[in-house]
Amino acid sequence: MTPKQPASAELSSITPDDMAFDRDHIWHPYTSVTHPTPVFPVESAHGARIRLADGRELVDGMASWWSAVHGYNHPQMNAAAHAQIDRFSHVMFGGLTHKPAIELCRKLVEMTPEPLQTVFLADSGSVSVEISIKMAVQYWRCRDDERRSKLLTIRNGYHGDTIGAMAVCDPVNGMHSLFRGIMLEHVFVDSPECRFEDEWDERYIEEFACTLKEHHRDLVGVIMEPVVQGAGGMRFYSPHYLRRVSELCKEYGILLILDEIATGFGRTGKLFACEHAGIVPDIMTVGKALTGGYMTMAAVICSEHVSKTICDRSAMMHGPTFMGNPLACSVACASLDIIATGEWQEQVANLEAGMKEGLEPCRDMAAVADVRVLGGIGVVELKQPVDMQVIQPRLVEEGVWVRPFGKLLYLLPPYVISKEELSFLCAAICRVVEELSSPEQV
Ligand SMILES: *Cc1c(COP(=O)(O)O)cnc(C)c1O
């Protein structure tokens, strides 16, 4: 019998047969297997580069959806994963504990604002949002207030794809009509009109304030993304709005849940986006960059007041199989150690300056509605939705990995991207947007 090829070789070389199987049998995010959009086989990834199976190298503009902030194949992160896998990859977290989880939670308690003291480790961002909602519900149940069942949120939000999280996503983007009848109905107000840099006017908070006043007795909490609304439209709103939300929540004794899954760990130019407003939530969710894009893991961190209220009477009723996975905790510790060096501050400032300059030429192009940059987030909003069948291969041809959605071409490069790579990325975007702006396209 001939020995089987080593698994590493099997996994690295993609054949045409593999691609056919992928097309016919595998769902990619938000896709159809009967009308598939193109997918590109990856052979390896390093720093801010993704190498395709055909040898082409792409400059990464996505950090794998906000997560791979330190770039791919990072020596320190690799070392953390190797060291842990040789000890143990996983043990159950019920009744057992281990150093990687303790270290990670210690770091999270230290990094997040002072009142946030208790950590619940979750398996993904969406699940952490579910847990944050359960936490808010249990908080009120433990205060003998059984009636409350709703959340208040703003439109254009995104909090994940599980059913509970979907119910607080934007009703249109979040496909509420498709899932009508199986989701809880929450209370929505329009998303903030005031842009990040706009001068504050109290009328911006009027609708939120009136709605909170009307519904506060039915609410377990307010949930929103701080300052940046990510997948729901890449909108940047005024920190003053968030500050007023926090004040109003305090006034009515309503819990504030901030979803920092996309914004946490420096992406907006502050360690956490709530710092733009100088406020602290009662419950915070983090994910994505938490493990530097290595593994799936998220966390919910709540104030001592919330955890004490629940635990004096009850226990936190959640406990996934892979809770506190040691491998994920170890790479998360390595990711947070890199964040703790503070290097991200200069890197994100450079990203902001580079994208402001590099994307500016798009502003006057016919196809463009708006260009905006905040921290390490660059957005070119078009007037019309893009055709993914056309634009995705075009971007790859330009040597960049950028994944637009709807009318949005956006960049979230790894913090470690070089100045040259960033200019290359922005120039590629400009060329593609210019084509979309040519007379025969518009
Ligand atoms: C990505 C994201 C989530 C969901 O996280 P998953 O790990 O994809 O489940 C939730 N909230 C926000 C703000 C996100 O950006």
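## Close-ups of a predicted model

**View 1. The side chains of Thr263 and Glu260 meet in a polar contact of 2.7 Å.** Here, a polar contact is a pair of N or O atoms within 3.5 Å; within protein, one atom has to be able to donate a hydrogen and the other to accept it, and residues adjacent in sequence count only if both atoms belong to side chains. The model is predicted, so local features need pLDDT of at least 70 and side-chain atom pairs count only at pLDDT 80 or more, while totals for chains, interfaces and linings use all residues. Residues are numbered from 1 along each chain as its sequence is written, and side-chain values use heavy atoms, with hydrogens and water left out. Thr263 sits in the loop between S10 and S11; helices (H or I, at least four residues) and strands (E, at least two) are DSSP runs, numbered from the N terminus. With a relative accessibility of 1%, Thr263 is buried, a label for residues under 20% relative accessible area; exposed means over 50% and partly exposed is in between (1.4 Å probe, protein chains only).

**View 2. Eleven residues surround the ligand, so what is in that shell?** The list reads Ser124, Gly125, Ser126, Tyr158, His159, Gly160, Glu225, Asp259, Ile261, Ala262 and Lys288. A residue is near a molecule if one of its heavy atoms lies within 4 Å of it. Sorted by class, the shell comes to three nonpolar, five polar and three charged residues. In that scheme Ala, Val, Leu, Ile, Met, Phe, Trp, Tyr, Cys and Pro are nonpolar, Asp, Glu, Lys and Arg are charged, and the others, Gly among them, are polar.

**View 3. Gly125, Ser126 and Lys288 each put a polar atom within reach of a ligand oxygen.** For Gly125 the partner is a polar backbone atom, 2.9 Å from an oxygen of the ligand. Ser126 uses a polar side-chain atom, 2.6 Å from a ligand oxygen. On Lys288, an N or O atom of the side chain is 2.6 Å from an oxygen of the ligand. Overall, the protein covers 84% of the 380 Å² of accessible area that the ligand has on its own. Accessible areas come from the Shrake-Rupley method with a 1.4 Å probe; for residues, only the protein chains shown count as cover.

**View 4. Lys288 carries a UniProt annotation as well as its ligand contact.** The unreviewed entry lists Lys288 for "modified residue: N6-(pyridoxal phosphate)lysine". UniProt positions follow the numbering used here, feature names are shortened, and annotations may be inferred rather than shown by experiment. Lys288 is located in the loop between S11 and strand S12 (298-303). Its relative accessible area is 28%, so Lys288 is partly exposed.

**View 5. Which residues does the UniProt "binding site" annotation cover?** According to the unreviewed entry, they are Gly125, Ser126, Asp259, Pro320 and Thr321. They span 197 residues of sequence and are spread in space too, with up to 23.3 Å between C-alpha atoms. Asp259 belongs to strand S10 (residues 255-259) and is buried at a relative accessible area of 6%. Gly125 is part of helix H6 and also buried, at 17% relative accessible area. Looking back to View 1, Gly125 and Thr263 are 138 residues apart in sequence, with a C-alpha to C-alpha distance of 12 Å.

**View 6. Asn73 and Asp144 have positive phi without being glycines.** Asn73 has phi of about 60°, in the loop between helix H3 (63-66) and helix H4 (75-85). At 39% relative accessible area, Asn73 is partly exposed. For Asp144, phi is near 60°; this residue is in the loop between helix H6 (125-141) and strand S5 (150-154). Asp144 is exposed, with 56% relative accessibility.

**View 7. Why is there no disulfide at Cys169 or Cys333?** The structure holds zero disulfides, a disulfide being a pair of cysteine sulfur atoms within 2.5 Å. The sulfur of Cys169 can't bond because the closest cysteine sulfur, in Cys249, is 19 Å away, too far for a bond. The sulfur of Cys333 is likewise too far from its closest cysteine sulfur, at 6.6 Å in Cys329. Both residues are buried: Cys169 has a relative accessible area of 2%, and Cys333 has a relative accessibility of 10%.

**View 8. Leu271 and Ala340 are 69 residues apart in sequence but 9.8 Å apart in space, C-alpha to C-alpha.** Leu271 lies in the loop between S10 and strand S11 (283-286). Its relative accessible area is 15%, so Leu271 is buried.
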